[in-house]
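Let's take a friendly walk through a protein together. Keep the viewer open as you read, and turn the picture whenever a new part comes up.

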Amino acid sequence: MPQSHRILQPAIAVLAVLFLGACAPSVPDAETAGPGPTETQTAPAESPSKEQDLPQPAVSTPRVSTYVTPDGMFEFDYPSEWSVVSNPASGPNEVSTSLIVQDAQGRQMAAFVAGFPAVNDSVVAGPVAPVPLEYQKIPGEQIAPTHEGTAIAYHYETRFNPVRGEVGAEMSINTFKSDFPISSSLPGFNIDSTTGASFSRWISPSEDLPDIDPSLKATGNSSFFEAYQRTAEYQAVKEMMISLRRT
């Protein structure tokens, strides 16, 4: 190599170091800093996280079955692990259809009855005023109201039961006047002008309900039934009831 080239190379290197030193805030000592990457070195690619490597859990959807009443007039959906059985206690001459829905342990989740005389607007008075907890209209294409100015709806309330002589809670499909004063709820709904039906569940204050603090039962007020409203079982019964439809 010519001597002029050997002289210029150290000079260019010195100028480059001075220029970089003026631009950068600080440059670590060559003795303390490790060797930097060369132009051909590249940073290693990030490996996927363990969360990405693990398979995501599948979302399970509860299986649902559909029950059609023996007369073919109504149908509803219910959890497949539950069962629908006839209720012989009502007697074949009193109603056209009487059914009980049971969970996998045989507990009664609801009762469906049809064929009794049309419901009326009588109101049962009790020692404790009813406390409405939930109200949801049933679409007219599922069950059309028989009388003008009324609506068929799902209703959950605490109230006095004169047959049992206790204050509990009821989940039910009832007929209401459109303005929904609580006193206008009927004990069921009309299939036509002469025939009534009901889909309901009575919850006794002494009943052992799942996923509820047992101490709430001792309070004797609506907090026990409000807590049940937040459970998966309540939602399953409600979804079953509001699926009721004419076929």
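How many residues lie between S7 and S8 in their hairpin? There are four, and one residue in the turn, Gly-165, has a positive phi of about 70°. Keep in mind as you look that this is a predicted model.

Now step back for the whole picture. The protein has 247 residues, of which 36% count as buried. Its chain includes four helices and eleven strands. If you take the contacts with a separation of 6 or more, 54% of them link residues 24 or more positions apart. On the outside, the protein exposes about 15,500 Å², and carbon and sulfur atoms supply 56% of that area.

Let's return to the hairpin. Strands of a sheet pair through backbone hydrogen bonds, and they may be parallel or antiparallel. Strand S7, residues 150–161, pairs with S8 in the antiparallel sense, over twelve bridges. To find one place where the two strands meet, look for Thr-150, which stands opposite Lys-177 in S8.

S8 has another neighbour too. Strand S10, residues 195–203, runs antiparallel to S8 and is joined to it by five bridges. Within this pairing, Met-171 has Arg-201 of S10 as its bridge partner. S8 is mostly covered, with ten of its twelve residues buried. A good residue to zoom in on is Thr-175, found in S8, which spans residues 166–177. Is Thr-175 buried or exposed? Thr-175 has a relative accessible area of 6%, and because buried means under 20%, this residue counts as buried. Eleven residues along the chain from Thr-175 is Leu-186, and the C-alpha atoms of the two are separated by 5.3 Å.

Next, visit Phe-116, which has its place in strand S5, residues 108–117. Which residues does Phe-116 contact, once its neighbours within four places in sequence are left aside? They are Val-95, Thr-194, Thr-195, Gly-196, Ala-197 and Ser-198. Take the last of these as an example: Phe-116 and Ser-198 are 82 residues apart in sequence, while their C-alpha atoms are 9.3 Å apart in space.

Elsewhere you can pick out an open sheet of three strands, with the order S1-S2-S11 and antiparallel pairing. Strand S1 (64–68) and strand S11 (245–246) stand at the edges with a single partner strand each, so one side of each has no neighbour in the sheet. S2 and S11 run antiparallel and are joined by two bridges. In one of these links, Glu-75 has Arg-245 of S11 as its bridge partner.

S2 also leads us to our last stop, a pocket. Rolling a probe the size of a water molecule over the atoms shows where empty space is left. The second largest pocket holds about 290 Å³ of space. It is lined by 17 residues, and those closest to its centre are Pro-62, Tyr-78, Pro-79, Trp-82 and Ala-236. Strand S2 (74–79) and helix H4 (232–242) each supply at least two residues of the lining. Which of the elements gives the most to this lining? That is H4, with five residues. By type, the lining of the second largest pocket divides into nine nonpolar, two polar and six charged residues.

Note on methods. Residues numbered from 1 in each chain as written. Predicted model: local features only at pLDDT ≥ 70, side-chain atom pairs only at ≥ 80, totals over all residues. Heavy atoms only, no water. 1 Å grid on protein atoms, 1.4 Å probe; cavity = no way out; pocket = protein on both sides within 12 Å on 5 of 7 lines; lining within 4 Å. Points joined across faces, edges and corners; volume = space filled by probe spheres on them. Nonpolar A, V, L, I, M, F, W, Y, C, P; charged D, E, K, R; others polar. Contact = heavy atoms within 4.5 Å. Buried < 20%, exposed > 50% of the residue type's maximum accessible area, 1.4 Å probe, protein only. Areas by Shrake-Rupley, 256 points an atom, 1.4 Å probe, with all protein chains shown as cover. Pairing = 2+ DSSP bridges.
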